[in-house]
Amino acid sequence: MRSYLVLTPPGGPDRDHRSTLVVQDGFSWLAFFFPWLWLFWNRLWITGIATLLMQIGTGLLMDIPGFGPAGFLAGFAFSLLIGLEGRHYRSEVLIRSGWTLEMVIAAPDIQLAEEIYFSGLPQPEEKQLPASAEWARQAKPPAAGWQGPEFGLFDYQGGR
């Protein structure tokens with residue numbers, strides 16, 4: 001089972017909960033293979049720039065004779081760190097910027113996690129439809145055919 005974090009935006013969710021985020025907590029393969037791109041995609045700009053500079057640094061370190069394995073291991077370790085902790089870091093940044101952690105849900109997939117969260121929300125009360133107005137009950141049925149002025153290509157005054 002995976003865990004999912006349910007985050008609502010500052011000021012509360014909108015009426016349809018379209019702004020509510022359900023974020024999987026755990027390892028991200030995209031963050032592992034493309035760490036700075038993943039961070040930029042999730043709008044973690046400062047960390048993305050620092051990660052890009054770190055990957056450039058480890059690439060340059062691998063070019064120095066004798067430091068190739070050290071540069072590779074440093075780059076691998078940094079990518080592994082972003083892959084393991086990237087989603088958690090994203091949720092922490094959102095919480096610091098005013099989002100509210102509503103719930104942590106354990107579910108096998110995101111669809112079931114969303115279903116669990118949204119099924120637990122209070123349902124709006126159903127309002128009874130108003131009784132039909134008196135004028136609607138007393139209205140005469142419309143006469144057969146078109147009774148208005150002739151307009152357009154056809155005349156619908158019936159019987160001609």
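Is Phe27 buried, exposed or partly exposed? Phe27 is partly exposed, because its relative accessible area is 27%, which lies between the 20% and 50% cut-offs. Keep that residue in mind. I will come back to it.

A word on the source. What you see above is a predicted model.

First, the overall layout. The protein has 160 residues, and 22% of them count as buried. There are 6 helices and 3 strands. Reading from the N terminus, the order is β-β-α-α-α-α-β-α-α.

Now the aromatics. Searching the whole structure turns up 10 aromatic pairs. Phe27 and Phe32 make one of them: the ring centres are 6.0 Å apart and the planes sit at 45°, so this pair is tilted. The reasoning is simple, because 45° falls between the 30 degree limit for stacked and the 60 degree limit for edge-to-face. Phe32 itself is buried, at 13% relative accessible area. Its partner Phe27 is partly exposed, at 27%.

Next pair: Trp29 and Phe33. Here the ring centres are 5.9 Å apart and the planes are at 20°, so the pair counts as stacked. Both residues belong to helix H1, which covers residues 29-33. They are 4 residues apart, about one turn of the helix. Trp29 is exposed, and Phe33 is exposed too.

These two pairs belong together. Phe27, Trp29, Phe32 and Phe33 join Phe72 and Phe76 in one aromatic cluster.

On to helix H3, residues 45-63. What span should its 19 residues have? At 1.5 Å a residue, the expected figure is 27 Å. The end C-alpha atoms are 27 Å apart, so the model agrees with that expectation.

Which residues of H3 are buried? Gly48, Thr51 and Thr58 are. Look down the axis of H3, and the buried residues fall within an arc of 85°, so they line one face of the helix. Turn to the other side of H3, and you meet exposed residues: Ile46, Leu53, Leu60 and Asp63.

Just ahead of H3 there is a loop. It connects helix H2, residues 35-41, to H3, and Arg43 sits in it. Arg43 has a positive phi of about 60°, although it is not a glycine. Its relative accessibility is 65%, so it counts as exposed, the cut-off being over 50%.

Arg43 also brings us to the largest pocket. The volume of that pocket is about 160 Å³. What lines the largest pocket? The lining is Leu21, Trp41, Asn42, Arg43, Leu44, Arg90, Val93, Leu94 and Trp99. By type, that divides into 6 nonpolar, 1 polar and 2 charged residues. Which helix gives the most to this lining? Helix H4, residues 68-96, does, with 3 residues.

Let me stay with H4 for a moment. Tyr89 is in this helix. Tyr89 is partly exposed, with a relative accessible area of 31%. Now find Thr47 in the model. Tyr89 and Thr47 are 42 residues apart along the chain, and their C-alpha atoms are separated by 9.8 Å.

One more residue: Gly98. Where is Gly98 found? It lies in the loop between H4 and strand S3, residues 100-107. At 36% relative accessibility, Gly98 counts as partly exposed. In sequence, Gly98 and Gly11 are 87 residues apart. In space, C-alpha to C-alpha, the distance between Gly98 and Gly11 is 8.4 Å.

To recap. The aromatic cluster includes Phe27 and Phe32. The buried residues of H3 line one face, since they fall within an arc of 85°. The lining of the largest pocket includes Arg43, and that residue has a positive phi. Remember that this is a predicted model.

Key:
Residues numbered from 1 in each chain as written. Predicted model: local features only at pLDDT ≥ 70, side-chain atom pairs only at ≥ 80, totals over all residues. Heavy atoms only, no water. 1 Å grid on protein atoms, 1.4 Å probe; cavity = no way out; pocket = protein on both sides within 12 Å on 5 of 7 lines; lining within 4 Å. Points joined across faces, edges and corners; volume = space filled by probe spheres on them. Helix = DSSP H or I, 4+ residues; strand = E, 2+ residues; numbered from the N terminus. Nonpolar A, V, L, I, M, F, W, Y, C, P; charged D, E, K, R; others polar. Phe/Tyr/Trp six-rings, centres within 6.5 Å; stacked < 30°, edge-to-face > 60°. Buried < 20%, exposed > 50% of the residue type's maximum accessible area, 1.4 Å probe, protein only. Expected span 1.5 Å × (residues − 1). Arc of directions from axis to C-beta.
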